[in-house]
Amino acid sequence: MPDDARFEWFADVMGVGAEDRVLELGPGAGVSLARVAGRLRGGRIVGVERSASALGRAAARCAGEIVDGRVRLIEGTVGEVSAAEVLAELDDGVRFDLVFAVNVNLFWTGPAVRAWPLVRECLSPGGRFWLCYGYGSPEGPASSPKPETALLERRAATAGFGCRTQAAGDLLAVELVPLG
Ligand SMILES: C[S@@+](CC[C@H](N)C(=O)[O-])C[C@H]1O[C@@H](n2cnc3c(N)ncnc32)[C@H](O)[C@@H]1O
């Protein structure tokens with residue numbers, strides 16, 4: 001099943017740890033979110049999704065993980081929800097170890113001027129921020145639409161981040177590292 005290899009590759013590259021506090025931007029129907037939640041033992045994942053119908057599907061997919069506390073979902077638009085609202089889902093005020101998005105074009109198609117500050121405010125010192133792209137497999141041909149690395153680098157630099165890129169087959173993962 002292509003999604004197995006795809007999401008395992010993304011989770012490996014991002015170094016998802018069992019205790020991580022994770023924020024997913026745009027989890028849609030929760031396929032990527034459920035995969036990361038499956039790696040958590042003691043950690044938690046919060047998803048911020050603007051589509052109510054997609055969020056409903058994510059809630060159904062992750063019903064068990066919502067009950068056991070591993071998954072929290074917020075209906076909202078990244079760039080409009082406040083960091084305080086997102087961080088409130090962690091209960092103890094500690095920030096996120098990992099923020100990521102899979103196939104969300106927010107940071108690609110525009111400057112996302114209000115989304116970058118949200119990420120900064122939600123990340124713990126030393127936390128990781130990854131943008132992942134691609135629908136195929138780590139072995140298959142590179143056929144999915146993806147941002148040009150140079151474009152992402154320009155957008156990231158404007159927001160005060162540098163880029164480190166990893167690619168395999170149809171998949172691209174970009175780590176955004178705060179500059180200075
Ligand atoms: C292509 S889907 C990917 C879903 C999921 N990450 C996956 O890989 O299965 C992109 C999702 O990002 C959501 N999205 C796009 N921009 C958003 C924003 N600014 N705030 C919240 N959600 C957003 C869309 O509603 C959609 O559900």
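The numbered points below go through a predicted model, taking in turn its parallel strands, its ligand site and several individual residues.

1. Strand β1, which spans residues 21-25, is a convenient place to start. Of its 5 residues 4 are buried, and the strand is therefore largely enclosed by the rest of the structure. It runs parallel to strand β2 (residues 44-49), to which 5 bridges join it. Two of the partnerships can be named: E24 of β1 is bridged to G47 in β2, and L25 has V48 as its bridge partner in β2.

2. The connection between these strands involves helix α2, residues 31-37, and together β1, α2 and β2 form a β-α-β unit of right-handed sense. β1 also pairs with strand β4 (residues 96-102), again in the parallel sense, through 3 bridges. In that pairing V22 stands opposite L98 of β4.

3. How many residues of β2 are buried, and what does that say about its two faces? The count is 6 of 6, so that β2 is mostly covered. In a regular strand, side chains alternate between the two faces of the sheet. For β2 the two sets are R44, V46 and V48 on one side and I45, G47 and E49 on the other, and with every one of these residues buried both faces are covered.

4. β2 has a further parallel partner in strand β3 (residues 71-75), and 5 bridges link the two. Here the bridge partner of I45 is V71 in β3. Seen from β2, then, there is parallel pairing with β1 and parallel pairing with β3, while β1 pairs in the parallel sense with β4.

5. The ligand is surrounded by 18 residues, of which G26, G28, E49, V78 and V102 are the closest. Strand residues already discussed supply polar atoms here: an N or O atom in the side chain of E24 is 3.2 Å from a nitrogen atom of the ligand, and an N or O atom in the side chain of E49 is 2.6 Å from an oxygen atom of the ligand. R50 takes part through its backbone, with an N or O atom that lies 3.4 Å from a ligand nitrogen. Taken on its own the ligand has 600 Å² of accessible area, and the protein covers 82% of this.

6. Two residues deserve a check of their backbone geometry. Most residues other than glycine have a negative phi. D91, although not a glycine, has a positive phi of about 70 degrees; the residue is found in the loop between α5 (83-87) and β4, and it counts as exposed because its relative accessibility is 56%, where the cut-off is over 50%. N103 likewise has a positive phi, of about 55 degrees, without being a glycine. Its place is in the loop between β4 and α6 (106-109), and with a relative accessible area of 22% it is partly exposed.

7. S137 is placed in the loop between β5 (123-133) and α8 (149-159). A polar atom of its side chain lies 2.8 Å from the backbone nitrogen of G140. Once the neighbours within four places in sequence are left aside, the contacts of S137 are with A168, G169, D170 and L171. Of the strands nearby in the numbering, β6 covers residues 161-168 and β7 covers residues 171-178.

8. Is E175, found in strand β7, buried or exposed? Its relative accessibility is 14%, so it counts as buried, the limit being under 20%. Beyond its neighbours within four places in sequence, E175 is in contact with R128, F129, W130, G162, C163 and R164.

9. R164, in strand β6, gives the other side of one of those contacts. With a relative accessible area of 52%, R164 is exposed, whereas E175 is buried. The C-alpha atoms of R164 and E175 are separated by 5.1 Å, with the residues 11 apart along the chain. Not counting residues up to four places away in sequence, R164 touches W130, A173, V174, E175 and V177; W130 also appears among the contacts of E175.

How values were computed: Residues numbered from 1 in each chain as written. Predicted model: local features only at pLDDT ≥ 70, side-chain atom pairs only at ≥ 80, totals over all residues. Heavy atoms only, no water. Buried < 20%, exposed > 50% of the residue type's maximum accessible area, 1.4 Å probe, protein only. Helix = DSSP H or I, 4+ residues; strand = E, 2+ residues; numbered from the N terminus. Pairing = 2+ DSSP bridges. Right-handed = clockwise from strand over helix to strand, strands pointing away. Near = heavy atom within 4 Å. Polar contact = N/O pair within 3.5 Å; in protein donor to acceptor, adjacent residues only side chain to side chain. Areas by Shrake-Rupley, 256 points an atom, 1.4 Å probe, with all protein chains shown as cover. Contact = heavy atoms within 4.5 Å.
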